[in-house]
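Take a moment to turn the model around on your screen before reading on. We will walk through it piece by piece, starting inside and working outwards.

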Amino acid sequence: MSRRAQMVVVAAAAVVVIVGLRYAEPFLVPVLFGVALAAISSPIATWVTRRGLPAALGALAALVVDLAILVFVGAVVTIAGVELEEKVPVYLVRMSSMTDALAVTLTERGFPVNPEFLSRTLHTASLVPLLGGAAVTVASAASSLGVVLLVVFFALCEGAGAGAKVRRLLSTPARGLEHVDRIVREVKKYLVVKTLTSLLVAVLAYVLLVLLGVDLALLLASSLFVLHFIPNIGAAVATIPAVLAALASQGPGTAALVAIGYLLINLLVGNVLEPRVLGRTLGLSPLAVLIGMLFWGWLWGPAGALLSVPIMMVAKITLENVEGLSWVARIMEPAPEEPETAPVSGEPAPGSLLRPSVAGARRPG
């Protein structure tokens with residue numbers, strides 16, 4: 001088969017796989033969320049089983065903790081929904097007065113604007129539609145909650161015997177288990193660290209919003225916790241409803257402070273703390289993360305965007321160990337760090353192996 005024919009076959013196979021993934025979304029998304037949640041919960045199950053208790057008991061303990069967290073999230077959404085229902089009429093009145101004042105200001109400066117058109121435009125981009133879309137997403141996720149919890153429980157129960165199963169399946173168990181162990185270890189570390197840092201930014205954002213007197217602080221902080229799992233873009237998306245809520249409840253000055261506060265929190269945690277904890281464990285370039293998020297988000301919606309980084313990590317580590325495709329994994333890696341100092345022309349670089357030979361050449365006799 002010619003090279004061109006091989007490329008056509010590969011492209012056709014890729015299209016078939018993508019279409020299959022699209023139609024398998026109702027099955028795959030809950031399963032993958034369950035596996036990810038099991039990875040995050042595994043330290044609890046491990047702590048229980050190391051004390052000589054059955055694996056099923058450890059899985060049950062982790063499941064109880066997960067259920068408690070989900071109940072808390074449900075309570076937060078319920079409380080926020082009641083608060084939002086009370087605040088919406090006030091927000092609409094304030095936004096209407098602000099749009100009227102903005103239209104008058106623009107008209108006085110030579111930019112005639114129809115106040116009704118401006119009001120409709122700002123209402124379309126307001127907090128209410130954003131939160132409405134979030135509520136739809138939460139409702140659709142809740143419908144798959146039972147499947148997710150079942151996957152979590154049985155994945156944690158099977159975790160202890162997974163190594164023996166893999167040994168029987170692989171022709172070279174030692175090498176294969178090393179690769180599988182690396183995938184599990186790095187994905188688990190990423191998910192645990194990302195969960196803790198997302199919780200940290202949510203707590204800091206909640207404190208900031210409460211100190212500034214912004215309404216819906218608990219809901220806005222919870223949305224930041226979820227969206228922070230999406231690298232680079234999630235935190236920026238979570239900033240928009242927070243700024244709009246501050247604008248509607250306290251005015252432009254508070255909205256500016258919220259924007260600055262969110263920016264500082266995300267820079268501190270995302271650019272300082274996370275790299276120190278994760279190091280180069282993630283091993284994905286920002287461009288690869290962005291493309292992966294766009295692709296999986298297009299394929300599976302918000303759930304795909306949340307799952308994109310773990311999927312990309314698994315794909316990268318797998319491709320590193322596939323002969324002929326390791327170059328794809330290298331493309332997905334971050335750019336290599338540049339050397340701190342460049343050698344002067346004609347002189348060896350600091351620490352170069354050529355230095356002893358040069359010195360030896362100058363040694364007399």
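**A walk through the helices**

Val269 is buried, with a relative accessible area of 1%; buried stands for under 20% relative accessible area, exposed for over 50%, and partly exposed for what lies in between (1.4 Å probe, protein chains only). This is a predicted model, in which local features need pLDDT of at least 70 and side-chain atom pairs count only at pLDDT 80 or more, while totals for chains, interfaces and linings use all residues. Residues are numbered from 1 along each chain as its sequence is written, and side-chain values use heavy atoms, with hydrogens and water left out.

Val269 sits in helix H11 (residues 252-278). Helices here are DSSP runs of H or I with at least four residues, strands are runs of E with at least two, and both are numbered from the N terminus. Leaving aside residues up to four places away in sequence, Val269 touches Thr197, Leu200, Val201, His228, Glu274 and Pro275, where contact means heavy atoms within 4.5 Å. One of these partners, Val201, is 68 residues away from Val269 in sequence, yet their C-alpha atoms are 7.1 Å apart in space.

Now step back to the whole chain. How many helices and strands does the protein chain have? There are 15 helices and 0 strands. Of the 365 residues in the protein chain, 30% are buried. Among contacts between residues at least 6 apart in sequence, 68% join residues at least 24 apart. The accessible surface of the protein chain is about 22,300 Å², and 71% of that belongs to carbon and sulfur atoms; such areas come from the Shrake-Rupley method with a 1.4 Å probe, and for residues only the protein chains shown count as cover.

Helix H12 (residues 286-300) is a good next stop. Its 15 residues reach 21 Å from the first C-alpha to the last, close to the 21 Å expected at 1.5 Å a residue; the expected span is 1.5 Å times one less than the number of residues. Within H12, Ala288, Val289, Gly292, Met293, Trp296, Leu299 and Trp300 are buried. They cover an arc of only 135 degrees around the axis, which puts them on the same side of H12; the arc is that of the directions from the helix axis to the C-beta atoms. An α-helix has 3.6 residues a turn, so residues three or four places apart point the same way. On the other side of H12, Pro286, Leu287, Leu294 and Trp298 are exposed. The buried residues of H12 pack against helix H1 (3-23), H2, helix H13 (302-320) and helix H14 (326-332). After H12 comes Gly301, with a positive phi near 75 degrees.

One of those packing partners, H2 (residues 25-49), contains Ser42. Ser42 is buried at a relative accessible area of 10%, and touches Leu156 and Lys188 when residues up to four places away in sequence are not counted.

Helix H10 (residues 234-249) has 16 residues that should span 22 Å at 1.5 Å a residue, and its end C-alpha atoms are 23 Å apart, which agrees. The buried residues of H10 include Gly234, Ala238, Pro241, Leu244 and Ala248. Just after H10, Gly251 takes a positive phi of about 110 degrees.

What about the surface? Leu199, Val203, Tyr206, Val207, Val210, Leu211 and Leu218 make a nonpolar patch of about 610 Å². Patches consist of residues with over 30% relative accessible area and no salt bridge, joined within 9 Å for like charges and within 5 Å for nonpolar side chains (Val, Leu, Ile, Met, Phe, Trp, Tyr). Helix H8 (residues 173-211) gives the largest share of the nonpolar patch, 6 residues. Leu211 counts as exposed at 70% relative accessibility, while Val203, also in helix H8, counts as partly exposed at 43%. Val203 and Ala221 are 18 residues apart in sequence and 6.9 Å apart in space, C-alpha to C-alpha.

In the loop between H8 and helix H9 (217-227) lies Leu216. Leu216 has a positive phi of about 60 degrees although it is not a glycine, and counts as buried at 1% relative accessibility.

Finally, look for charge pairing. The structure holds 1 salt bridge, defined as a side-chain nitrogen of Lys or Arg within 4 Å of a carboxyl oxygen of Asp or Glu. Arg22 forms a salt bridge with Glu25, their closest N and O atoms being 2.7 Å apart. Arg22 is partly exposed at 42% relative accessibility, and Glu25 is partly exposed at 22%.
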